[in-house]
Amino acid sequence: MPVPHILLALLVTLIWGVNFVVIKVGLEDFPPLLFCALRFALAALPLLFLRGPMPAPFWRIVQIGLLLGVIKFGLLFVGMHLGMPAGLSSLVLQSQVFFTILIAALFLGERPSRRGLMGLLLAASGLVLIGFGRPLGDSLLAFMLVIAAALAWAFANIATKRSGAKDMLRLICWVSLIPPLPLLVLSYLFEGPEAIASALSHPSWGGIGALVYIAFLATTVGFGLWSFLLQRYPASLVTPFALAVPVSGLLSGWLLLGEQLSAAGWLACVLVFVGLAITVLPKGALGRVFSGSSRLTPDP
């Protein structure tokens, strides 16, 4: 993978790492299913300005929209609402990496290399280290909902890869058209019209800001770039970058909020990024980096 695309993937992990804190802020103003519905309704707005045909077959757009928008984010938001902490949610959700690689191996015939598996295991050990000492939250159900969300994301990754779409911005905008209506129906049934009316009539600036962030940065930009990379590279090469999401969340908390990182936390961050480097950099690239070479070339 060329260095510019590696940097794009790391940008996505930064956006998504901060996003978990933003979600917690938004959930103080909005019920989870309503919040998720509003997120995708806003994310679909660029279609008012984008022209051209559907970027993929309609049934595939519906499939991705249901998996990613309704199931994955619906379960994630409800799980966080029920007590899963933001940091631990960002960690648990990255089990989608392992689900995606397994599903890609079964259905797409993509086999990760031995070197890639070594890097993946090293990065995973960093995630385990991050998870030590972090509270599970108040509900085992909340934990299981986030695991189920990770599985739904894995299937959405495979569906995106098989969509054949070339314009990823248009794809994610079309996909964003699917979740709002079913999520609004679910919100009406489970959260109730009074909660919906109260949230829409008295939002705070923090809630509005959180909604804008997750709609445009985390969804349009984040998933647009993610889909762009999935279309060009094997899932086993792209999805390991998601292992850096909890790391970017920890680092952004340290940089922006003054949250302290222990020695174990710093070691975990190093393990994740070394594991990613082993997984995604071309053979011999690490040696050239340390020897001072600035040019990275892909494997032949």
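In this predicted model, a convenient place to start is A242, which is found in the loop between α12 (235-238) and α13 (245-257). Although A242 belongs to a loop, A242 counts as buried, because its relative accessibility is 0% and buried means under 20% relative accessible area. Leaving aside neighbours within four places in sequence, the residues in contact with A242 are Q94, Q96, V97 and W226. A further relation links A242 to L10, for the two residues are 232 apart along the chain, while their C-alpha atoms are separated by 8.6 Å.

From this loop the reader can turn to a pair of helices. Two packed helices are described by the angle between their axes and by the distance between those axes. For helix α3 (residues 58-81) and helix α7 (residues 140-161), the angle is about 160° and the axes lie 8 Å apart. Angles over 145 degrees count as roughly antiparallel, and α3 and α7 are therefore roughly antiparallel to each other. The crossing of these two helices, α3 and α7, is left-handed. On the side of α3, the contact is made by R60, Q63, I64, L67, L68, I71, K72, L75, L76, V78 and G79, and on the side of α7 by A142, L145, V146, A148, A149, A152, W153, F155, A156, A159 and T160. Sorted by character, the residues of this contact between α3 and α7 comprise 17 nonpolar, 3 polar and 2 charged.

One of the α7 residues in that contact, T160, can be followed in more detail. T160 lies in helix α7 and is buried, because its relative accessible area is 7%, with under 20% being the limit for that term. The side chain of T160 reaches the backbone oxygen of A156 at 2.8 Å, and A156 is likewise listed among the α7 residues that make the contact with α3. Not counting residues up to four places away in sequence, T160 touches I64, L171, S227, L230 and Q231; of these, I64 is one of the α3 residues named in the helix contact.

A last stop is P182, which lies in helix α9 (residues 180-190). P182 is partly exposed, because its relative accessible area of 29% falls between the limits of 20% and 50%. P182 and G69 are 113 residues apart in sequence, and the distance between them in space is 9.7 Å, taken from C-alpha to C-alpha.

Methods. Residues numbered from 1 in each chain as written. Predicted model: local features only at pLDDT ≥ 70, side-chain atom pairs only at ≥ 80, totals over all residues. Heavy atoms only, no water. Helix = DSSP H or I, 4+ residues; strand = E, 2+ residues; numbered from the N terminus. Buried < 20%, exposed > 50% of the residue type's maximum accessible area, 1.4 Å probe, protein only. Axes fitted to C-alpha atoms, helices over the stretch in contact; angles between N-to-C directions. Parallel < 35°, antiparallel > 145°, perpendicular 65-115°, else oblique. Left-handed = near helix turned anticlockwise from the far one by under 90°. Contact = heavy atoms within 4.5 Å. Nonpolar A, V, L, I, M, F, W, Y, C, P; charged D, E, K, R; others polar. Polar contact = N/O pair within 3.5 Å; in protein donor to acceptor, adjacent residues only side chain to side chain.
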